[in-house]
Amino acid sequence: MALSKSQLVQAVLAIGTIIKLKNGCQPIRNSAQPKNPFFGLDRKMQMNRHAKNGTTLKDSLERDRVYGPTFAMDTFTNRTIITSDPYNIKTILSVRFHDFGLSDRQFALGPLLGHGIFTSDGDRWHKSRSLIRPNFIREQIADLEAFERHFQTMLSLIPRDESTVDLQDLFFCFTIDSATEFLFGHSVESLEGKRQGNEAGSAFAEAFNYAQEDGVRLFRLGYIARILKDCRAKFVDAAIQLRCAQDEEKASVDDRKYVFLKELAKQTTDRVVLRDELLNVLLAGRDTTASLLANMLFILARRPDVWAKLRAEVAGLGGEVPTYETLRNLKYVNARLYPVVPLNGRFAHNDTVLPRGGGLDGQSPIFVHKGTFVAYSVYAMHRRKEFYGEDANDFKPERWETLRMGWEYLPLNGGPRICVGQQYALTEASFVATRLVQEFERIESRDPGPWVENLTLTVCSRNGTKVGLYAA
Ligand code: HEM
């Protein structure tokens, strides 16, 4: 017998009550209600202001301080839970992984990224992940020849007369050149384009920048969207040609290597599927590492003491270009501060529970209704004094000499969706840092202002990384 609508509502409420009782859920302790309860318009305007002023991360820290590690924000239409509690984050990403998903990301980023690893859940995500994983086997990550080749091109663009250069700009080109070679079998060579003063050569990198800055509002891209589309088309065409070549048993790419684009082309010649999958991993592979490097060098340019310590450590290489193994031994080089994916979130797919945030002391489980958005701030978590000490906000690489972290330190995510490129990314970042330290005796900031965030999906410096470098 079919249930009536009201019986259905009662059944859903009963299930919610059972979950609450079974898990000892308490009402959420803290809430930050917007003044406008309908759609929270005042909060939305405030968020826009912070985005414009580059203060969203500061705001995230301030709200964490005022409302505590887990709080709710309710309007008449929906509830958002905001957390920086590692227990809750672990639950979202791992313990109750199947209760949470991306849902809104497809809506917001679908126009730019279509369906790929970054925008999909369930079977579709699983398929994308299986396809890309073999690209990151140790043997391929440990081959640093391409990094050195692109580094040499980047080096040729750094002035030798100590005049000012924006390293952030170069890092974005470096990572897109390396990622396209690593994942697609050939590089877009945007650094080489820059070297030759050929604007078309770096058009892909620039178009990507612009699309990132305004990813959720693709319709505003206009002319640049066209460049981006053309470049995407170039790789899609390459994939289809490769497939044809494979069909004729004369593939041109080195068969010993797992090249994501080549493997994808074996599975499909559907242009939309190819385009979406390629663009998704490119987004993941470029901005992240470039931002990590840009933020780190921004700080290093103001910390001659740390630069000197790095030079002392790197001197152990005797001037040799580092290998995968020698890089791993450079403990000091591998320390960092800014999580480049500082804010993130998941939608509850089902009624579910988070372990903390309820009751008078905020330590009891809380009930999470299906459809609730749970935002998590890795940025705030990484600056919590109870985990990192009173100097949590300081750049202090030495802290990593003794600190051992679990879910309190999460720059690369955790659980089944942990960053699939993590080893590649960390190798790439420490390779570039080490090579710069080898080549330059001193680095000097040429930016009088403080670090201001440029926050899209990742965070880098709004004013770039303007420095002068003194050859060793
Ligand atoms: C410092 C550099 C990097 C950082 C901090 C970083 C961080 C992250 C984070 C936080 C996520 C989780 C996103 C989410 O699920 O909401 C992620 C996912 C991912 N990353 Fe990275 N990433 C870095 C570099 C890279 C590189 C270089 C590649 C590829 C060449 C890459 C490929 C991916 C992919 C494909 C995913 C999606 C995984 C999935 O959903 O299953 N990442 N990364």
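## Close-up views of a predicted model

**View 1. The iron atom of the ligand meets the protein at C419.** The iron atom of the ligand has a single protein donor, the SG atom of C419, at 2.3 Å. Donors here are N, O and S atoms within 2.8 Å of the metal (3.2 Å for Na, K and Ca), and water is not among the atoms, so sites may look incomplete. C419 sits in the loop between helix 18 (385-388) and helix 19 (422-439). Helices (H or I, at least four residues) and strands (E, at least two) are DSSP runs, numbered from the N terminus. Before we move on, a word on the model: it is predicted, so local features need pLDDT of at least 70 and side-chain atom pairs count only at pLDDT 80 or more, while totals for chains, interfaces and linings use all residues. Residues are numbered from 1 along each chain as its sequence is written, and side-chain values use heavy atoms, with hydrogens and water left out.

**View 2. A shell of 24 residues surrounds the ligand.** Which of these residues come nearest? They are R105, W125, R129, N344 and C419; a residue counts as near a molecule or strand if one of its heavy atoms lies within 4 Å of it. Sorted by class, the shell has 14 nonpolar, 6 polar and 4 charged residues. In this sorting, Ala, Val, Leu, Ile, Met, Phe, Trp, Tyr, Cys and Pro are nonpolar, Asp, Glu, Lys and Arg are charged, and the others, Gly among them, are polar.

**View 3. Polar side chains reach oxygen atoms of the ligand.** For R129, a polar side-chain atom lies 2.7 Å from an oxygen atom of the ligand. In the side chain of N344, an N or O atom is 2.8 Å from a ligand oxygen, and for R346 the distance is 2.9 Å. Helix 6, helix 14 (271-300), strand 6 (343-348) and helix 19 each give two or more residues to the shell around the ligand. Which element gives the most? Helix 14 does, with 5 residues.

**View 4. R286 and D287 touch through their side chains.** R286 belongs to helix 14. Is R286 buried or exposed? With a relative accessible area of 0%, R286 is buried. Buried means under 20% relative accessible area, exposed over 50%, and partly exposed in between (1.4 Å probe, protein chains only). The side chains of R286 and D287 are joined by a polar contact of 2.9 Å. A polar contact is a pair of N or O atoms within 3.5 Å; within protein, one must be able to donate a hydrogen and the other to accept it, and residues adjacent in sequence count only if both atoms are side-chain atoms.

**View 5. Aromatic rings pair up, as Y67 and F71 show.** The whole structure holds 11 aromatic pairs. Rings of Phe, Tyr and Trp (its six-membered ring) pair if their centres lie within 6.5 Å; planes under 30 degrees apart are stacked, over 60 edge-to-face, and the rest tilted. The pair of Y67 and F71 is tilted, with 5.0 Å from centre to centre and 40° between the planes. Y67 counts as partly exposed because its relative accessibility is 26%, whereas F71, at 1%, counts as buried.

**View 6. F136 and F182 form another tilted pair.** Here the ring centres are 5.5 Å apart and the planes meet at 55°. F136 lies in the loop between helix 6 (122-132) and helix 7 (138-141), and F182 in helix 9 (residues 167-184), so this pair ties together parts that are 46 residues apart in sequence. Both F136 and F182 are buried. Ring pairs also link F136, F147, F174, F182, Y424 and F431 into a cluster.

**View 7. Two residues other than glycine have a positive phi: E189 and N413.** Phi of E189 is near 50°, and this residue lies in the loop between helix 9 and helix 10 (190-195). E189 is partly exposed, with a relative accessible area of 31%. Phi of N413 is near 70°, and N413 is found in the loop between helix 18 and helix 19. N413 is buried, with a relative accessible area of 16%.
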